[in-house]
Amino acid sequence: MRVKVIVGDTHQQIYAWRFAINSLEVCKFDTLNLSTSFRFPQPIADLANTILSWKAPIKKYPDIKIVGVGHSTKKKTKAILARTGVSLIVKAIKYMDDFPKIYFEGGLNSYIYSDNGASIYDVYSLYNNKHEYIRDETIRAMKDFDELLSYIEASDDNQLANIAEIVEKYTHQIPNIFRTLKENQVEKEQANVVYSTVHRAKGIEYDLVELADDFITEEKVKDYIANKEISLEQIIEEVNIFYVAVTRAKNVLYIPKKYLPEDYKYCANIVPILFRTQNPLVPKKAASKAV
């Protein structure tokens, strides 16, 4: 007798844009729930449960609460995770002086492009009025940088806005900055910190995790549902991406305060990131001035 077993987490479906199918939701097998995680402690499990509850107005899921029984106190592996590659680059530039040895999951070059195909180098070339170096057709068609800013305002393209902000802020430092980032790359085991999008970090865990501020929020979920700006399937996937990001942390999760519930009570495993220049992954005495 052959027995087929499918193991997975229905809430970690984050590749629908690659036409991936959530097998757990289409197979009619008997279900045995595994709700205890040995990776992270209960405070992170509670936050994960809260994030998953955002999907309740869209789809009914079995009422299974995640239990976290992890007790790691290690602080060896550090990672900075973002929803998009562009937001990750913003963090890498900000912390460039703090981490002399870095590693990018998938390589640095894979993070310099927006989802629409425009790269930081394209926008930098437009800023310098050097159209002959622009590869992206949309950027090349623009007369100058001001036209790009007008396009960003009209389209509300957050990724392109982040790229433009990087170029405006660092201008002619851009080539040296990316040269330094490339030179600082080492093997993963030797790195002070790992930079990764959530998609590339899926299935991986780190002692300390800092999240960028480009994830979906509960308020945004409600707005999307009410205004039908994107499909319900897309909303579910965005929530899943945030859930996967949060559950990469084994010990401490550093997270922008806007993502925490209003009744959140401080604990050692979840630390809100406020408006500050201090790098939360670097001890206060060791932190240096950012770029």
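## Exercises on a predicted model

By the rule that a salt bridge is a side-chain nitrogen of Lys or Arg within 4 Å of a carboxyl oxygen of Asp or Glu, the count comes to seven salt bridges. The structure is a predicted model, in which local features need pLDDT of at least 70 and side-chain atom pairs count only at pLDDT 80 or more, while totals for chains, interfaces and linings use all residues. Residues are numbered from 1 along each chain as its sequence is written, and side-chain values use heavy atoms, with hydrogens and water left out.

**Exercise 1. Describe the overall build of the protein.**

Step 1: Begin with the secondary structure, where the protein has ten helices and eight strands; helices (H or I, at least four residues) and strands (E, at least two) are DSSP runs, numbered from the N terminus.

Step 2: Turn to the dimensions, where the C-alpha trace spans about 65 × 45 × 45 Å along its principal axes. The radius of gyration of the protein is 20 Å, which agrees with the value near 19 Å for a compact globule of 291 residues; this radius is taken over C-alpha atoms, and the globule rule is 2.2 Å times the number of residues to the power 0.38.

Step 3: Consider burial, for which 45% of the 291 residues count as buried. Buried means under 20% relative accessible area, exposed means over 50%, and partly exposed lies in between (1.4 Å probe, protein chains only).

**Exercise 2. Work out how far helix α2 is covered, and by which residues this is shown.**

Step 1: Helix α2 runs over residues 85–94 and is mostly covered, since eight of its ten residues are buried.

Step 2: The buried residues of α2 include Gly85, Val86, Ser87 and Leu88, and Lys91 is also listed among them.

**Exercise 3. Trace the salt-bridge network that contains Arg39, Glu205, Asp207 and Lys250.**

Step 1: Glutamate 205 forms a salt bridge with arginine 39, and their closest N and O atoms are 2.9 Å apart. This pair links distant parts of the chain, 166 residues apart, with glutamate 205 in the loop between α8 (198–201) and β6 (206–211) and arginine 39 in the loop between β1 (36–37) and α1 (42–53).

Step 2: Lysine 250 forms a salt bridge with aspartate 207, the closest N and O atoms being 3.9 Å apart. Here too distant parts of the chain are linked, with lysine 250 in strand β7 (residues 249–256) and aspartate 207 in strand β6, 43 residues apart.

Step 3: Salt bridges that share partners join Arg39, Glu205, Asp207 and Lys250 into one network.

Step 4: Within this network, aspartate 207 is buried, with a relative accessible area of 4%, whereas glutamate 205 counts as partly exposed at 36% relative accessibility.

**Exercise 4. Decide whether the partners aspartate 63 and lysine 65 are buried or exposed.**

Step 1: Aspartate 63 and lysine 65 form a salt bridge whose closest N and O atoms are 4.0 Å apart.

Step 2: Both aspartate 63 and lysine 65 are exposed.

**Exercise 5. Find where lysine 228 and threonine 171, two residues with a positive phi, lie in the chain.**

Step 1: Lysine 228 has a positive phi of about 55° although it is not a glycine, and it is found in the loop between α9 and α10 (232–246). Lysine 228 is exposed, with a relative accessible area of 72%.

Step 2: Threonine 171, likewise not a glycine, has a positive phi of about 35° and lies in the loop between α6 (158–170) and α7 (174–183).
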